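User: Please take one helix and describe it closely, then follow the chain outward from it. I would like the packing, the backbone and the charged side chains treated in one connected account.

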Amino acid sequence: MSSSQTTDSKPEIYTFREEDIQRARDLVGVYHAVTQREQYTRATPDIMRNFARSYGDDNPLFVDEEYGLDTRWGGQIAPPMINIGLTKDLLADPVPKEQRRPSFRGIHVFVSGTTTDWYRPVYDGDTLYSFQGFENVELKESEFAGRSLIVTRIHVQFNQRAEVVQTQRVITIHTERHESKKRKKYDAIEPASYTPEDIAKIDEIYAAEVRRGANTRYFEDVEVGASLGTMAKGPLTTTDMVVFHSGGYGFAPYTPSSSRLAYKNRQRIAPFYIPNEQGIPDVAQRIHWDSEYARSIGLPAAYDYGMMRDCWLTHYLTDWIGDEGWLESMSSQMRKFNYLGDTHTFTGEVVGKRVEGDRYLVDVELRGTSQRGEVTCPATATISLPSRETGLAVLPTAPVELERVAAQMLKRSGELRAEKRRAAQV
């Protein structure tokens with residue numbers, strides 16, 4: 001087929017299969033080792049730096065090999081959201097057929113919100129592993145896309161010592177792909193455009209941003225009602241999406257590839273490839289950078305990943321916290337799409353202070369607001385700060401039962417690895 005030819009075939013319509021919905025409900029509370037790697041598997045100075053820079057974060061704790069040596073951490077540490085680009089595959093016993101995740105073939109999926117708890121930092125040389133499971137499944141009628149399935153998954157990340165680094169609960173919304181084309185909810189949304197004066201105002205925010213850094217923020221100095229400042233993100237461009245991918249996100253489990261690898265991937269997951277306007281099979285994931293495709297399913301333009309805005313939220317928080325504090329937990333919601341061309345400003349304030357045992361905690365509310373005045377990603381967070389009385393900020397303790405599961409999975413992976421090695425020798 002020549003490059004000028006197009007296809008007249010209509011895209012296939014995908015709807016929920018009842019057996020997939022029931023399978024999802026049956027899997028609530030069942031944990032499985034993650035046997036597919038992310039783009040990266042071991043933290044290095046380059047990987048930590050590139051990941052931070054992929055969402056616009058230049059915090060020297062994350063991007064400078066030497067800076068962390070002069071802090072309580074004793075070295076460079078990874079940004080909070082590093083788990084989305086760094087996981088090594090575990091070996092595990094075959095999953096029984098009745099416990100396999102539903103395929104949801106052809107169903108569109110997007111992230112609605114997350115709750116993350118952080119327990120310890122990731123250092124140079126650390127390997128992250130993971131296990132996951134469904135925590136909740138809810139079927140409902142969505143205003144945007146007709147029938148939707150809301151799934152809450154828990155992802156537990158742990159290091160090579162079976163120490164739980166963080167847990168992340170992710171809310172995903174699954175929608176029947178054809179339904180969104182019938183909705184007119186977003187027809188009135190026009191792509192953003194900017195004058196030089198508009199860009200200058202955004203640049204003023206960038207120029208005024210302050211990172212707390214080595215100027216320690218103590219618990220006693222924080223007042224309820226105090227502002228966390230203002231941060232800008234955007235206008236969102238296709239380049240931003242490319243750079244975000246370069247940091248390591250977006251390659252598992254669908255593994256977008258090129259050339260022969262793309263051909264092999266199409267054989268593996270054919271419904272993930274939807275012909276573009278030239279009749280060329282391309283990944284459905286292109287909804288995040290291909291506005292023509294986004295419009296074909298009823299949206300005004302391509303939009304970002306929910307995880308990108310989670311990275312932005314943690315960037316905003318860690319700039320305020322400074323070198324000696326610790327981001328303990330964050331819950332976020334993705335209430336609106338963030339389209340190419342949109343600009344966000346992040347604001348927040350302290351809403352509470354408390355002492356729990358030896359931890360001095362500050363509660364904050366924060367949000368990202370688009371140029372349309374819509375709050376697209378409200379969030380809450382809890383921060384552990386150092387106290388002038390007791391010194392260092394104290395980190396929370398990871399759940400013992402999760403570390404037990406992590407140790408069991410790491411042990412079994414090692415056993416299976418040894419069996420493979422012996423079999424290869426024979």
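Analyst: The account below starts at the chosen helix and works outward.

This is a predicted model, in which local features need pLDDT of at least 70 and side-chain atom pairs count only at pLDDT 80 or more, while totals for chains, interfaces and linings use all residues. Residues are numbered from 1 along each chain as its sequence is written, and side-chain values use heavy atoms, with hydrogens and water left out.

The helix chosen is α2, residues 45–54. Helices here are DSSP runs (H or I, at least four residues), strands are runs of E with at least two residues, and both are numbered from the N terminus. The buried residues of α2 are P45, I47, M48, F51, A52 and S54. Buried means under 20% relative accessible area, exposed means over 50%, and partly exposed lies in between (1.4 Å probe, protein chains only). The partners of these buried residues are α3, α5 (238–246) and α8 (306–321), against which they pack.

On the N-terminal side, the loop between β1 (32–33) and α2 contains V34. V34 counts as buried because its relative accessible area is 13%. Leaving aside residues up to four places away in sequence, V34 touches T87, K88, D89 and L90, and also S130, F131 and Q132. Contact means heavy atoms within 4.5 Å. A379 lies 345 residues from V34 along the chain, and the two C-alpha atoms are separated by 28 Å.

On the other side, α2 is followed by G56, which has a positive phi near 90°. The side chain of D58 then meets that of R211 in a salt bridge, at 3.1 Å from N to O. This pair links distant parts of the chain: D58 sits in the loop between α2 and α3, and R211 in the loop between α4 (196–208) and β6, 153 residues apart. A salt bridge is a side-chain nitrogen of Lys or Arg within 4 Å of a carboxyl oxygen of Asp or Glu. D58 is partly exposed at 45% relative accessibility, and R211 is partly exposed at 35%.

Past α3 (60–63), D64 lies in the loop that runs to β2 (108–118). With 30% relative accessibility, D64 counts as partly exposed. It gathers with E65, E66, D70 and D124 in a patch of negative charge on the surface. Patches of charge are made of residues with over 30% relative accessible area and no salt bridge, with like charges joined within 9 Å. Asp and Glu count as negative and Lys and Arg as positive; His and the chain ends are not counted.

What does the backbone do on either side of α5? Before it, the peptide bond from G234 to P235 is cis, with omega near 0°, and P235 is placed in the loop between β6 (227–233) and α5. After it, the bond from A252 to P253 is cis, with omega near 5°, and P253 is in the loop between α5 and α6 (259–268). S259, in helix α6, has a positive phi near 55° although it is not glycine. S259 is exposed, at 66% relative accessibility.

Further along the chain, E328 and R359 form a salt bridge whose closest N and O atoms are 2.5 Å apart. E328 is in strand β9 (residues 326–333) and R359 in strand β11 (residues 359–370), so the pair ties together parts 31 residues apart in sequence. Both of these residues are buried.

The last stop is helix α9 (residues 400–425), where K420 is found. K420 is exposed at 56% relative accessibility, and it forms a positive surface patch with R417, R421 and R422. E403 forms a salt bridge with R120, the closest N and O atoms being 3.1 Å apart. Since E403 is in helix α9 and R120 in the loop between β2 and β3 (129–142), this pair ties together parts that are 283 residues apart in sequence. E403 is partly exposed at 24% relative accessible area, and R120 is partly exposed at 24%. D93, K411, R412, E415 and E419 are linked in a network of salt bridges. The structure holds 23 salt bridges.

Methods
Patch = residues over 30% accessible without salt bridge, like charges linked within 9 Å, V, L, I, M, F, W, Y side chains within 5 Å. Areas by Shrake-Rupley, 256 points an atom, 1.4 Å probe, with all protein chains shown as cover. Charge placed at Lys NZ, Arg CZ, Asp CG, Glu CD.
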